[in-house]
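Q: Hi, I've just opened this one and I'm new to it. Can you walk me through what's there?

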Amino acid sequence: MTDVQIANVGKSFGDVAALQDINLDMATGDFMAVLGPSGCGKTTLLRCIAGFERIDRGRISLGHRVVTLPGVHMPAHRRQVAIVPQDGALFPHLTVAANVAFGLKGGGRKHRGRVDECLELVGLAGMGARMPHELSGGQQQRVAVARALAPHPPLVLLDEPFSALDASLRAELRDDIKQALTSDGATTLLVTHDQSEALSMADSVAVMADGRIRQVGTPTEIYRHPVDPWVGRFVGEAMVLPVQEKLANERALTAVGPIWLRSGTPVNGRQEVLIRPEQVQIARANQGAPPDAKSAKVESVAYHGHDALITLSVDGQPAQARVLDRPSEPLVPGEAVRIWVDGGCAAFSTTT
Amino acid sequence: MATAVALIPLFYLLLRTGQAGLTAWWERIATARVAELATTSVLLALVVALACLAIGVGSAYLVTRTNVPGRRFFAVMMALPLAVPSYVAAFTWVSVADLWSDSARFEGFVAAAVVLTLYTYPYVYLPVAAALSGADRGQEEVARSLGYNAWGTLWRVTLPQVRPAIAGGGLLATLYVLADFGAVSILRVDTFTRAVFTAFSAGFDRIGALSLSTLLLLITLVILGAESWTRRRGARYVSSGARSASAPADLGWGRLAGLAAMSLVLLAALGVPALSMLRWVDEGVSQADSLADIAAAAGGSLAVSAAGTALTLALALPVGILVARYPGKLSRALEGAAYLAHSLPGIVVGLSLVFFGVTVALPLYQTTALLALAYATLFLPLAVAAVAGAAAQAPPSLDEVAQSLGYSRSAVFRKVTLPLTLPGIGAGAALVFLTCMKELPATLLLRPTGLDTLATELWQATGVQRYAEAAPLAFLLVILAALPTWLLARRSGISAGPKLAKQPTKIKVVETQ
């Protein structure tokens, strides 16, 4: 059953086209992330689904009800779409429990069980009597999620809910919230500009730029098979190198040596390949390396603890490699190494 | 609409002047007498503004950035002279001076300058102290780390950072002095406001009063223009940096000098009224019929103030909500127009409404309704600021969340918007009410015949040197005016400085109050 259907939706603010031809489908229980840089229209999309903005073209349906068409607009309070805004937006005059009970018709007393259940889901059991200003930022965000979940909405919208929090807090909160949402069976749409947030939380990711959806897929698909170099670069670090020569067996020659092409890559015309730094393998001169490995020189090392990003020069061309921190002696700038590329690479035709 | 109603007096004044013809107007004002008035008014405003800047900026720096002894105490106390209406202050100084000398009355330019400075400098002190305690101290620390000492940092970084507040406060003080009627008329300095009143009430020279009013209005507009210009230029200094408590500057022995200076200002500004009341209140209350008179005056004050508050808030609600919810050119223009009215001298507003009443709306003349309109014109900005501040307590994101949880617009208003904004609007209403209670010039001109208020009674009693009769009224007025001042000083958060710094700054906590 398709729970959320967004078909050909378009919206303009004056001359600026904020949304163009947006198509997205979600099934009940799905967790989808809309990922894009700021100003790409993702928040506008969220507001159109919630009912705070009207659309110019297309159609949005929730369940089997069409909620908006151009000129037809179901008001936000009748859509049963719950939102978790960036700043939480808890009602400052109500206790935590009253905030959670806000969307439950008949007030908190009647729904005591559901309120406690939701607070427990987000890890705040027993804190119902507190006032919002007595909570930390992370706790406020948890309450906002509990408040959204309480009335069993068919769709929960998360609007960059972690961007105002400290990085250390974010990872833990992400896991807990994801857990709460899935164990409650909620259908969730997350809007974010943080690629690691989108890839780690969502079952499927829609990458958006300039008001258009560029690609929809699972996190792995998006990361490994980006439809174009822009998407490839946006979801992670990447080198985009021209193909120097096509070889047999779906192999090609590039500046960093011969690579494997992923199946389904275009066959004609000039091509570019996208290589992730973690695909680049490094061996010292005295260690084993495949015979077709290229010689390279270490230019600089950016050490991150659990891994390091190595900038290399290969025949005068820059290249990057990500290596896990291992007990062996770390690489130092100036060292001569041999490199090769592991695993298949996505290729793009440059004529388009 | 609401703003337009508030601006009726202004339009009317300009219309009348236009009708009479510009040349006629010019002939009336281009006289030696008017030049003299203008010189006195402008000079007084300048002298007082400069003195206010010195006291206001100095004490704001002392209480927010240095280790002056008792700075928490002074932070609140330095704002208190604002609670004394200028005519009450003038009355207390005159009545205290009278204790020492029977012949020479305390009056004239210097007397007026001293009194006005002592009770006007909080207009500089409050915004500057608020800006200083809210300013980004990171910038100061950067300056110190780049080799500037405390003094150099103050001049190169701190003061430029709060320059908009300083400029704004200074211009406010200037406007206040230009608009002041009570103090200058009690201290007998011939300024525009006093001349307008004399021309109107003693000479029945309506056209003369009108011409002078228009000139005063023009001067006010020029200063207002300068104010908004500095505010626009100052916009780039606004920083919302994290507040971090930094060690206050150590003044060494200088801190005792700072302590002495602030004590002296407070002693003069608060000690003199206290002395006057100690001397006269007892005698005033014990006079025959005095309590009945006071009760009658208080009743009159309550009646006209209640009417004024109701009208002002009715006009302020739409403007305030518009300003808070839809920040844009239109709402800024509306807000600007409301502030324009606030800077108008009360005597000008009163006079133009007298003309309006006599020529256009005769049934309204000498009714409470017309006086309420004058109050609305004068105090609309107070109410708009209160409503906008209250509306900001319920930001649109809360509305949207409530809607997404299934509440219709009217239910959202009832369950979210109203509970959050009501306290703020109530406080605004109280503020407007108390401000109406102490308004003098417009009340003098517009009150219904036979109606006395606390302010007019005090003014009349002082005029004929019946100090004992005036003292209880002055006492009541100071008590009434102290309430909003206390609120203002508390709201600006100056006294709470270091405590605020401990709150988490990363997440914006929406507070209930």
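A: Sure, one term to begin with: a contact means heavy atoms within 4.5 Å. Among contacts in chain B between residues at least 6 apart in sequence, 84% join residues at least 24 apart. This is a predicted model, where local features need pLDDT of at least 70, side-chain atom pairs count only at pLDDT 80 or more, and totals for chains, interfaces and linings use all residues. As for conventions, residues are numbered from 1 along each chain as its sequence is written, chains are lettered from A and ligands numbered from 1 in the order in which they are written, and side-chain values use heavy atoms, with hydrogens and water left out.

Q: How many helices and strands does chain B have?

A: Chain B has 25 helices and 0 strands. These are DSSP runs numbered from the N terminus, with helices being H or I of at least four residues and strands being E of at least two.

Q: What share of chain B is buried?

A: 51% of its 513 residues count as buried. Buried means under 20% relative accessible area, exposed means over 50%, and partly exposed is in between, using a 1.4 Å probe and protein chains only.

Q: OK, the two chains now. How many residues of each are in contact?

A: 27 residues of chain A are in contact with 22 residues of chain B. The area buried between them is about 2,200 Å², and carbon and sulfur atoms give 66% of that. Buried area here is the accessible area (1.4 Å probe) that two parts lose on being put together, summed over both.

Q: Which residues in chain A lose the most area to chain B?

A: H77(A), P92(A) and F102(A), which together make up 29% of what that side buries.

Q: How many salt bridges cross the interface?

A: The rule finds 1 between chain A and chain B. A salt bridge is a side-chain nitrogen of Lys or Arg within 4 Å of a carboxyl oxygen of Asp or Glu. The side chains of R47(A) and E400(B) meet in a salt bridge, at 2.8 Å from N to O.

Q: And what part of chain A supplies the largest share of the side touching chain B?

A: Helix 4 of chain A, with 4 residues. That side of chain A divides into 15 nonpolar, 7 polar and 5 charged residues. In that count Ala, Val, Leu, Ile, Met, Phe, Trp, Tyr, Cys and Pro are nonpolar, Asp, Glu, Lys and Arg are charged, and the others, Gly among them, are polar.

Q: Back to E400(B). Where does that residue sit?

A: E400(B) is one of the buried residues of helix 20 of chain B. That helix covers residues 396-404, and it is largely enclosed by the rest of the structure because 8 of its 9 residues are buried.

Q: What do the buried residues of helix 20 of chain B pack against?

A: Parts of both chains: helix 1 (42-50), strand 7 and helix 4 of chain A, together with helix 16 (290-325) and helix 21 of chain B. After helix 20 of chain B comes G406(B), whose phi is positive, near 95°.

Q: Which residues besides glycine have a positive phi?

A: Q80(A) is one, with phi near 60°, and E160(A) is another, at about 40°. Most residues other than glycine have a negative phi. Q80(A) lies in the loop between strand 6 (72-73) and strand 7 (81-84) of chain A, and is partly exposed at 45% relative accessibility. E160(A) lies in the loop between strand 8 (155-159) and helix 5 (167-183) of chain A, and is buried at 9%.

Q: Which residue does R251(A) form a salt bridge with?

A: D292(A), with the closest N and O atoms 3.2 Å apart. The pair links distant parts of the chain, 41 residues apart: R251(A) is in strand 14 (residues 251-254) of chain A, and D292(A) is in the loop between strand 17 (280-284) and strand 18 (294-303) of chain A. R251(A) is buried at 18%, whereas D292(A) is partly exposed at 38%.

Q: How about E117(A)? Which residue is its salt-bridge partner?

A: R114(A), with the closest N and O atoms 3.5 Å apart. The two are 3 residues apart in helix 3 (residues 112-121) of chain A, so about one helical turn separates them.
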